[in-house]
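User: I would like to learn how to read a structure like this one, feature by feature. Please give the general idea each time, then the case at hand.

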Amino acid sequence: MSEQRITISLPNLLLIVASSLLLVLLWQLRSLLVILMISVVLAASIVPIVNWAQTMRVPRWLAVIMVYLTLIGGFSGTVVLIGPTVIEQIELLLRQLPVYVESLRTLATNVLSRLTDDAPTLVGLVDTQSLTNWLIRSSQQLVLRSYSLTRGILGGVFSLVLALFISGYMVADSDTLIKSLVQFFPKPWDARLAAQAAPIGERMGSYIRGRVLVSGILGIFITTGLSILGMPEFALGLGAIAGVTNLIPFIGPVLGAVPALIVALAKGGWVLLWVLLLFVIIQNLETYVLDPLLVGSSVGVHPLYQLLSVLGGVQVLGIIGAVIVPPWFAGVAALIENLYLKPKLRSEHREAIDEAKNNSGLPPLTPSA
């Protein structure tokens with residue numbers, strides 16, 4: 001029986017060591033990498049506005065400053081106007097959550113008692129206090145997974161300011177930045193990659209702008225609807241929760257509807273039916289009207305892959321990952337589509353035409369220069 005020897009050359013060994021050191025370095029710099037990912041998403045979202053301002057003969061750096069000041073001013077004004085009320089309603093909701101869960105338990109007991117004699121035993125298997133604590137603890141862990149990346153409140157504020165500064169620099173000097181990055185690649189890949197900066201940024205930016213706009217519209221609709229349906233004491237808080245969670249594709253609308261349905265179910269009567277109908281209408285409005293109109297096909301990938309990108313982002317980066325990973329996924333999809341899939345399809349199409357012409361005796365098709 002012959003012996004097989006595995007030999008590793010010195011260059012391969014050095015490559016393995018260098019790759020390992022690079023992975024360790026990237027892990028140590030994961031907080032900075034997240035800030036860079038956020039910065040790219042922010043930059044891609046404001047590029048069209050800055051480009052429009054530049055066509056109006058506004059200097060690019062001044063347009064960036066004006067856009068950011070407008071966004072920061074609008075966000076700060078919104079927080080000042082509705083922030084205290086939202087926080088107050090959410091705190092009230094958390095305090096009354098055990099009462100609502102107990103009401104659900106009682107309702108479940110009454111329903112099951114009509115169906116089976118073992119209702120107390122079945123319902124007794126559910127510890128109301130433990131369930132409530134688990135819901136709160138799970139939400140806290142999801143938030144802390146994002147919070148731990150910044151290591152504190154001051155770290156979070158610093159990270160946000162740094163992301164804004166970096167994204168502003170990216171937009172203000174985008175041409176120089178792109179040239180400095182693609183120069184490390186050999187020809188013709190440097191020109192090809194430079195040409196992909198605009199479509200990648202457009203896909204990422206259109207996605208995040210559409211999601212923010214859709215979430216804001218739905219938050220207003222939900223707040224108004226809950227106020228009309230007899231839940232004004234929680235309407236603004238629940239609307240804010242639904243609007244923020246709607247930034248997360250697929251699972252966000254469900255997460256936003258759960259608190260409102262729990263409160264409606266605890267109130268009893270027809271409130272639950274009307275609130276459920278409200279969220280069904282809003283979900284269909286988002287799916288068939290707002291998303292096609294405002295988000296469109298900006299992601300450009302199968303919904304299953306989008307869902308996997310959301311779940312992967314949540315697993316690694318928490319809530320932040322659920323928001324920033326999908327636009328990055330959309331950008332990578334645009335890069336693969338333009339540099340690999342489309343050339344591959346064109347090549348296969350030319351080969352099919354050449355084969356058909358060869359079979360017919362005509363000269364083969366030569367690609368144009």
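Analyst: We can start with a pocket: the second largest pocket holds about 1100 Å³ of space. This is a predicted model, in which local features need pLDDT of at least 70, side-chain atom pairs count only at pLDDT 80 or more, and totals for chains, interfaces and linings use all residues. Residues are numbered from 1 along each chain as its sequence is written, and side-chain values use heavy atoms, with hydrogens and water left out.

User: How is a pocket defined, and which residues lie nearest the centre of the second largest pocket?

Analyst: On a 1 Å grid over the protein atoms alone, a pocket is an open set of points where a 1.4 Å probe fits, with protein on both sides within 12 Å along at least five of seven lines; lining residues have an atom within 4 Å of a point. Grid points are joined across faces, edges and corners, and the volume is the space filled by probe spheres set on the points. Here 32 residues line the second largest pocket, and Val40, Ile178, Leu181, Ala197 and Ile200 lie nearest its centre. Two or more lining residues come from each of H2, H6 (153–172), H7, H8, H9 and H14 (319–360). H2 gives the most, 9 residues. Helices here are DSSP runs (H or I, at least four residues), numbered from the N terminus.

User: What should helix H9 span, and how far apart are its end C-alpha atoms?

Analyst: The expected span is 1.5 Å times one less than the number of residues. H9 (residues 197–228) has 32 residues, so it should span 46 Å; its end C-alpha atoms are 47 Å apart, which agrees. Glycine 230 follows H9 and has a positive phi, near 95°.

User: Which backbone value stands out at arginine 57, and which at the bond from lysine 187 to proline 188?

Analyst: Most residues other than glycine have a negative phi, and most peptide bonds are trans. Arginine 57, in the loop between H2 and H3 (60–115), has a positive phi near 65°. Its relative accessibility is 81%, so arginine 57 counts as exposed (buried is under 20% relative accessible area, exposed over 50%, partly exposed in between, with a 1.4 Å probe and protein chains only). The bond from lysine 187 to proline 188 is cis, with omega near 0°; proline 188 lies in the loop between H7 (174–182) and H8 (189–195).

User: How many salt bridges are there, and which parts of the chain does the pair of glutamate 337 and arginine 203 link?

Analyst: Side chains of opposite charge can pair when their charged atoms come close. The rule is a side-chain nitrogen of Lys or Arg within 4 Å of a carboxyl oxygen of Asp or Glu, and the count comes to 4 salt bridges. One of them joins glutamate 337 and arginine 203 at 3.3 Å, N to O. This pair links distant parts of the chain, with glutamate 337 in H14 and arginine 203 in H9, 134 residues apart. At 17% relative accessibility arginine 203 is buried, whereas glutamate 337 is partly exposed at 22%.

User: Are arginine 211 and glutamate 286 buried or exposed?

Analyst: Both are buried. Their side chains form a salt bridge at 3.0 Å, N to O. Arginine 211 lies in H9 and glutamate 286 in H12 (residues 271–295), so the pair ties together parts 75 residues apart in sequence.
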